[in-house]
There are 2 protein chains.
Amino acid sequence: MIKKQLIMEKALDLFAKQGFEATSVQQITEHCGISKGSFYLSFKSKDELILALIDHFMMQITSDIDYTVRNTNDDKKLLYEFYYTMFHTFHKHSDFAKILIKEQIQSFNEVLIERMHNYNQLNEKIILSMIERLYREEVELIKYDLIYCIKGFMSTYLQLFLFYNVPLDLELLSQSLVEKTNLLARHTTVPFISQELIEMINQPMTEEITKEQMLEIMDKKIEEIDESIEKESLFLLKQQLLEPTLSPAIVKGLLENIRNHPHCKWISYLLRRYYEF
Amino acid sequence: MIKKQLIMEKALDLFAKQGFEATSVQQITEHCGISKGSFYLSFKSKDELILALIDHFMMQITSDIDYTVRNTNDDKKLLYEFYYTMFHTFHKHSDFAKILIKEQIQSFNEVLIERMHNYNQLNEKIILSMIERLYREEVELIKYDLIYCIKGFMSTYLQLFLFYNVPLDLELLSQSLVEKTNLLARHTTVPFISQELIEMINQPMTEEITKEQMLEIMDKKIEEIDESIEKESLFLLKQQLLEPTLSPAIVKGLLENIRNHPHCKWISYLLRRYYEF
DNA sequence: TTGACAAATGACTCACTAGTCATTACTATA
DNA sequence: TATAGTAATGACTAGTGAGTCATTTGTCAA
């Protein structure tokens, strides 16, 4: 167990400096003063190591932030405490944070991408709960945009103190972001990210949607919709899905018909993926 | 020449899917239907290829945005046109954009990091010029924060349409960001990023500052400052730099004295790096 | 001291990569 | 058609990396 921690610590060092791909197991074991074989007694593979690191730190970071949000009773202080804790915990684990930002995950294995996706959703949930508690129905239409703005603030200002090791005043930074967040929450009138868009995004990317699921959604939407063109298009597309008879050009045209209908974005997206347009 | 473009195109494909490191020259040439030797007739190395790609696209993207900002005469439309062009150009080159986000550069060779740093500064300049034109002295104190917020918006919303290939309404997105930017520009009162901080950051990271340059800065600051403690601390630190006589603890204490003085952040940062505190 | 078990080692395998270069295929001119 | 010059090839080199496993070292109870 101790060995495992040693390896994780030293590997973190090297990953933060050189990146994951560029660091060999050899280097890690040398840096630990152990043999290569020994490494494989603690971890089945290099991938298992990075997974352990990500789990270890993401759990800490996530729970730090979650704890703060749950245990700050004073609503007036909530946003400030959130930002402060977030920056503070990332600062505490800055080597890990560097890895997180450098390796945009993406190119790793499936398991890892899935895992990061989950942590991401978890964090979004925490932010959402905070927003809903602070602003109530006032932000109903713009709450998802607010999440994205907060995440935007986090990422740009994080870069600042991770990659230029400049001394920063976290208190001032948090204060400044509190003001910005309040401004956006109270005065934004043009929402961009709708409930539907969020559903599209949070759909697990890997999993394929089945034809049956699509048919189900289409049935529901056909009932919901009043506009005749869209309704008929949707109906024809449903027929096409059950029994392909129409030419690609027609299918594409029908898809175009429903593309901009607010209730059809999700299904038109699925269909486009299905037909590989 | 044609060959070069073919390679760049196909490589872009693979890099966007798998990442730069994970894509071998072999794979690229297979994807092009040419031999390995042929690759090396067009590019001296794999690094030269990624450099060519980055230059090719960054120049296009940067000049697209710059053109729009320079040629939009109507101030009322400027912000909108900026966002729209930015998203539009990144969308047009979405494979490249993916690479840009995935490979956080960082772990590449020196030349590339330097190059990206330059494009980054160029883009910040464009944004700054836009902000100054739109809001004049109204934003003097918060203009750098505004740049960072705009960059934050850009990066989060870019992620949205790069990694979930969801159909997005760029016009609405741009409108929505215009509103947010205006809100922040007109009502923010708590600045975080000062002129001095920006100078710290834009300092080329690779180049080492010489003792002489530090002495020069210190002389200037000693004259500027009125507060006696800070002034004396700075004076002692200057003596120490010329002729080390004080113990590390004392030096650290003196540094602590000047750390929070608004005029001394930069020099205290340099000194801390110099003494490796 | 011995024997049994666990922990640790590092030489080794196998797969893969960037980059080279002698050879071959192609092209255009005389 | 012959020839010179260019473009393209792919087997090859030299190197690296992840992961394995026969062997050695350490530990502790009898």
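Ala, Val, Leu, Ile, Met, Phe, Trp, Tyr, Cys and Pro count as nonpolar, Asp, Glu, Lys and Arg as charged, and the others, Gly among them, as polar. Keep that in mind for the surfaces that follow.

Some ground rules. This is a predicted model, where local features need pLDDT of at least 70 and side-chain atom pairs count only at pLDDT 80 or more, while totals for chains, interfaces and linings use all residues. Residues are numbered from 1 along each chain as its sequence is written, chains are lettered from A and ligands numbered from 1 in the order in which they are written, and side-chain values use heavy atoms, with hydrogens and water left out.

Confidence next. The score is pLDDT, the predictor's confidence in each residue, from 0 to 100. Chain A averages 87, and 94% of its residues reach 70 or more. Elements here are DSSP runs, numbered from the N terminus: helices are H or I with at least four residues, strands are E with at least two. Which helix of chain A has the lowest mean pLDDT, and which the highest? Helix α14 (residues 265-275) of chain A is lowest at 76, and helix α9 (residues 170-187) of chain A is highest at 97. Where pLDDT is low, the predicted coordinates should not be read in detail.

Now the DNA. A residue is near a strand if one of its heavy atoms lies within 4 Å of it. Start with DNA strand C. There are 15 residues around it, and S35(A), G37(A), V25(B), K36(B) and K46(B) come nearest. Of the atoms of DNA strand C within 4 Å of the protein, sugar or phosphate holds 54%, and bases hold the rest. The surface near DNA strand C has 4 nonpolar, 7 polar and 4 charged residues. Helix α3 of chain A and α3 of chain B each supply at least two residues of that surface. The largest share, 4 residues, comes from α3(A).

Polar contacts are pairs of N or O atoms within 3.5 Å; within protein, one must be able to donate a hydrogen and the other to accept it, and residues adjacent in sequence count only if both atoms are side-chain atoms. On DNA strand C, a polar backbone atom of S35(A) sits 3.0 Å from a phosphate oxygen. V25(B) also places a backbone N or O atom 3.0 Å from a phosphate oxygen of DNA strand C. What does the side chain of K36(B) reach on DNA strand C? A base nitrogen, at 2.8 Å from an N or O atom of that side chain.

Over to DNA strand D. It has 14 residues around it, with V25(A), K36(A), K3(B), S35(B) and G37(B) nearest. Sugar and phosphate make up 55% of the DNA strand D atoms that come within 4 Å of the protein. Backbone contacts again. V25(A) has a backbone N or O atom 3.0 Å from a phosphate oxygen of DNA strand D. For K46(A), a polar backbone atom is 3.0 Å from a phosphate oxygen of DNA strand D. G37(B) contacts a base oxygen of DNA strand D, with a polar backbone atom at 3.4 Å. Two elements give two or more residues to this surface: α3 (36-42) of chain A and α3 (36-42) of chain B. α3(B) gives the most, 4 residues. By class, the surface near DNA strand D has 4 nonpolar, 6 polar and 4 charged residues.

Next, protein against protein. With contact meaning heavy atoms within 4.5 Å, chain A and chain B each put in 45 residues. Buried area is the accessible area (1.4 Å probe) that two parts lose on being put together, summed over both. Here that is about 4500 Å², 72% of it on carbon and sulfur atoms. In chain A, Y164(A), V190(A) and F192(A) lose the most area to chain B, together 14% of what that side buries.

A salt bridge is a side-chain nitrogen of Lys or Arg within 4 Å of a carboxyl oxygen of Asp or Glu. How many join chain A and chain B? The count is 2. K180(A) and D145(B) form a salt bridge, N to O at 3.9 Å. Between the chains there are also 8 residue pairs in polar contact, both at pLDDT 80 or more. Elements giving two or more residues to the chain A side include α6 (94-102), α8 (143-163) and α10 (195-202) of chain A. α8(A) supplies the largest share of that side, 12 residues.

Last item. The whole structure holds 25 salt bridges over all chains. One of them pairs R70(A) with D66(A), closest N and O atoms 2.8 Å apart. R70(A) and D66(A) are 4 residues apart in helix α4 (residues 46-71) of chain A, so about one helical turn separates them.
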